[in-house]
Amino acid sequence: ISEQFRALRTNLSFYLKNENEKVILLTSSMSGEGKSFTAINLGNILALAGKRVLLMEMDLRKPGLAIKLGISNVTGFSNYTISEKIKIKDIVQPLTINKNMFFISSGPLPPNPAETIISEHTAPLIEELKKQFDYIILDAPPIGIIADAQLLAAYADVTLYLVRQGETKKQQLKIVEELNKTGKMKNIGIVINDISGKYYGYGY
């Protein structure tokens, strides 16, 4: 698995070509396709290369990344957007996985998740974080269910669309094609997760 994430890290270099391009958005068609798993492991493999990496839990409706990481979600992104008293240093938490990995949780569930994402504070926050970190990974909600991931695409330099063998429906791949054709998301790459190893050799 670690070799596969190293390959993913290498492939990302073809998308992120200059120093200012460092925001990676992760989304999928539905839940259960491996966004959080990919976010954590991709973050770790980037951190192992000596890069400062920030994971941002941007699923404001059904957050789960903080729980997986064993991190408190009392103060996070949603708090930052509504209170000038809360500073960036108050929401960035270090992770024990790697000394180069940090985390911003979603914060308490807001009544208006979409409006919170496009808050006037979000763009300046991302720009300031880009000065502090080499990579920022946005763990977004599934795009096939709600439009929040499309709103987050405005801040991303590359979008990784998770597809899971045996889970993702073929018709859901039309979502990716539509996003690509309409230009709603730039630099879309498909990451195929959980591929069965029972097939060997050349074939289709």
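How do the residues of the lining of the second largest pocket divide into nonpolar, polar and charged? In this predicted model, the lining divides into eight nonpolar, five polar and eight charged residues. The second largest pocket has a volume of about 410 Å³. Its lining comprises 21 residues. Nearest the centre of this pocket lie Ser-31, Gly-32, Lys-35, Asp-59 and Lys-62. Two elements, H2 and helix H3 (65-69), give two or more residues each to the lining. H2 provides the largest share, three residues.

The largest pocket was examined in the same terms. About 490 Å³ of space lies in this pocket. Gln-4, Leu-8, Val-191, Ile-192 and Asn-193 are the closest to its centre, out of 19 lining residues. At least two lining residues come from each of helix H1 (2-12), helix H2 (35-48), strand S6 (158-164) and S7. The largest share belongs to H1, with six residues. By class, the lining of the largest pocket holds 13 nonpolar residues, five polar residues and one charged residue. H2 thus appears in the account of both pockets: H2 supplies at least two residues of the lining of the largest pocket, and H2 gives the largest share of the lining of the second largest.

H1 and H2 are also linked by an aromatic pair. A search of the whole structure finds two such pairs. In one of them, the ring centres of Phe-5 and Phe-37 are 5.8 Å apart. The ring planes of Phe-5 and Phe-37 stand at 65 degrees, over the 60 degrees required, so the pair is edge-to-face. Phe-5 belongs to helix H1 and Phe-37 to helix H2. The two residues are 32 residues apart, and the pair links distant parts of the chain. Their accessibility was also computed. Phe-5 has 8% relative accessibility and therefore counts as buried. Phe-37, at 38%, counts as partly exposed.

The strands were considered next. Seven strands form an open sheet with mixed pairing. Their order is S3-S4-S2-S5-S1-S6-S7. Strand S3 (93-94) and strand S7 (188-193) stand at the edges. Each has a single partner strand, so one side of each is left without a neighbour in the sheet. S7, an edge strand, is also among the elements that supply at least two residues of the lining of the largest pocket.

Strand S2 occupies residues 53-57 and is mostly covered. Five of its five residues are buried. Both faces of S2 are covered. Val-53, Leu-55 and Glu-57 are buried on one side, and Leu-54 and Met-56 are buried on the other. In the sheet order, S2 stands between S4 and S5. S2 pairs with strand S4 (residues 101-104) in the parallel sense, over four bridges. S2 also pairs with S5 in the parallel sense, over five bridges. Individual bridge partners can be named on each flank. Leu-55 has Phe-103 as its bridge partner in S4. Glu-57 stands opposite Asp-139 in S5.

Phe-103 lies in strand S4. At 0% relative accessibility, under the 20% limit, Phe-103 counts as buried. Its C-alpha atom is separated by 19 Å from that of Ser-83. Phe-103 and Ser-83 are 20 residues apart along the chain.

On the other flank of S5 in the sheet order comes S1. Strand S1 (residues 23-28) and strand S5 (residues 135-139) run parallel and are joined by four bridges. Val-23 stands opposite Ile-136 in S5.

Ser-28 is also found in strand S1. Where does Ser-28 stand, buried or exposed? With 0% relative accessibility, Ser-28 counts as buried. Two polar contacts of its side chain are noted here. One, of 3.0 Å, joins the side chains of Ser-28 and Glu-33. The other, of 3.3 Å, joins the side chain of Ser-28 to that of Lys-35. Lys-35 is in turn one of the residues nearest the centre of the second largest pocket.

Terms used. Residues are numbered from 1 along each chain as its sequence is written. This is a predicted model: local features need pLDDT of at least 70, side-chain atom pairs count only at pLDDT 80 or more; totals for chains, interfaces and linings use all residues. Side-chain values use heavy atoms; hydrogens and water are left out. Two strands pair if DSSP finds at least two bridges between them. On a 1 Å grid over the protein atoms alone, a cavity is a set of points where a 1.4 Å probe fits but cannot get out, and a pocket is an open set with protein on both sides within 12 Å along at least five of seven lines; lining residues have an atom within 4 Å of a point. Grid points are joined across faces, edges and corners, and a volume is the space filled by probe spheres set on the points. Ala, Val, Leu, Ile, Met, Phe, Trp, Tyr, Cys and Pro count as nonpolar, Asp, Glu, Lys and Arg as charged, and the others, Gly among them, as polar. Rings of Phe, Tyr and Trp (its six-membered ring) pair if their centres lie within 6.5 Å; planes under 30 degrees apart count as stacked, over 60 as edge-to-face and the rest as tilted. Buried means under 20% relative accessible area, exposed over 50%, partly exposed in between (1.4 Å probe, protein chains only). A polar contact is a pair of N or O atoms within 3.5 Å; within protein, one must be able to donate a hydrogen and the other to accept it, and residues adjacent in sequence count only if both atoms are side-chain atoms.
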